[in-house]
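The questions below go through one protein model step by step. Please look at the sequence and structure before reading the answers.

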Amino acid sequence: MLVNIQTQNKVITYEDCITQIYFFILFAVMDVFLLSVMAYDRFVAICHPLHYTIIMNPQLCGLLVLVSWIMCVLNSLLQSLMMLRLSFCTQVEIPHFFCELNEMLQLACSDTFLNNVVMYLAAVLLGGGPFAGILYSYSKIVSSIRGIASAKGKFKTFSTCASHLSVVCLFYCTMLGVYLSSAATQSSHSSATASVMYTVVTPMLNPFIYSLRNRDIKSALKRIVGVQVM
């Protein structure tokens, strides 16, 4: 997108488009897996604080990241190879600001039934599975927080999940909005607009959301705005 803005050239080759699809799916699904792993981390920290260091040991953390990467790479490779079996016209106008998988399938001249089956099956398994894990983790977290007697204790405990929960809501709401709206209206313009949220806005906000819990960042922000740090 930045290259297109700089060069005022919106042409992309077939090979570059397939490559773009591969890396987009890779990092999007990786984001989903890491959000679910972080939710599990918060679940263990709040519901089993005395066993946190034992459960979330370096070996388990490394295994979770490794499994996430393997699943993402295999899924991206499968989706990209599935795209290679389709035929397209010589010149195709993509009604999007990047080669989005769903949009590309709609532009194909050959039968896309198998591609759609694989795409939606992967979305259910690799998107719905981690999301179910996030919901389960937070249901246990909320149940644990309700058992805390003081309001201050409840707020302090919940605040440790605030940044992660904000990113989860922003990421999933925009992504679900994109695919549900495109399935209902078939509007490429609304799909492209909504895609900006989870491809550009959400990653841009992530550093700010996560770093606002850092005391050094808070102190620096207070100094910038001229507020005296206590």
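Q: Is Tyr14 buried, partly exposed or exposed?
A: Buried means under 20% relative accessible area, exposed over 50%, and partly exposed in between, with a 1.4 Å probe and protein chains only. Tyr14 has 36% relative accessibility, so Tyr14 counts as partly exposed.

Q: What should be known about this model before reading further?
A: The model is predicted: local features need pLDDT of at least 70, side-chain atom pairs count only at pLDDT 80 or more, and totals for chains, interfaces and linings use all residues. Residues are numbered from 1 along each chain as its sequence is written, and side-chain values use heavy atoms, leaving out hydrogens and water. The pLDDT is the predictor's confidence in each residue, from 0 to 100. In this protein 89% of the residues reach 70 or more, and the mean pLDDT is 84.

Q: How are the rings of Phe23 and Phe27 arranged?
A: Rings of Phe, Tyr and Trp (its six-membered ring) pair if their centres lie within 6.5 Å; planes under 30 degrees apart count as stacked, over 60 as edge-to-face and the rest as tilted. For Phe23 and Phe27 the centres are 6.2 Å apart and the planes are at 20°, so the pair is stacked.

Q: Which sequence parts does the disulfide of Cys17 and Cys99 tie together?
A: A disulfide is a pair of cysteine sulfur atoms within 2.5 Å, and those of Cys17 and Cys99 are 2.1 Å apart. Helices (H or I, at least four residues) and strands (E, at least two) are DSSP runs, numbered from the N terminus. Cys17 lies in helix H2 and Cys99 in the loop between H4 and H5, so the link joins parts that are 82 residues apart in sequence.

Q: Which cysteine sulfur is nearest to that of Cys161?
A: Cys161 is buried, because its relative accessibility is 0%. Cys161 is in no disulfide; at 8.9 Å, the nearest cysteine sulfur is that of Cys47.

Q: Which helix supplies the largest share of the largest nonpolar core?
A: A nonpolar core is a set of buried Ala, Val, Leu, Ile, Met, Phe, Trp, Tyr and Cys residues joined through side-chain atoms within 4.5 Å. The largest one has 40 residues, and Ile21 and Ile134 are among those with the most contacts inside it. Its largest share, 16 residues, comes from H2.
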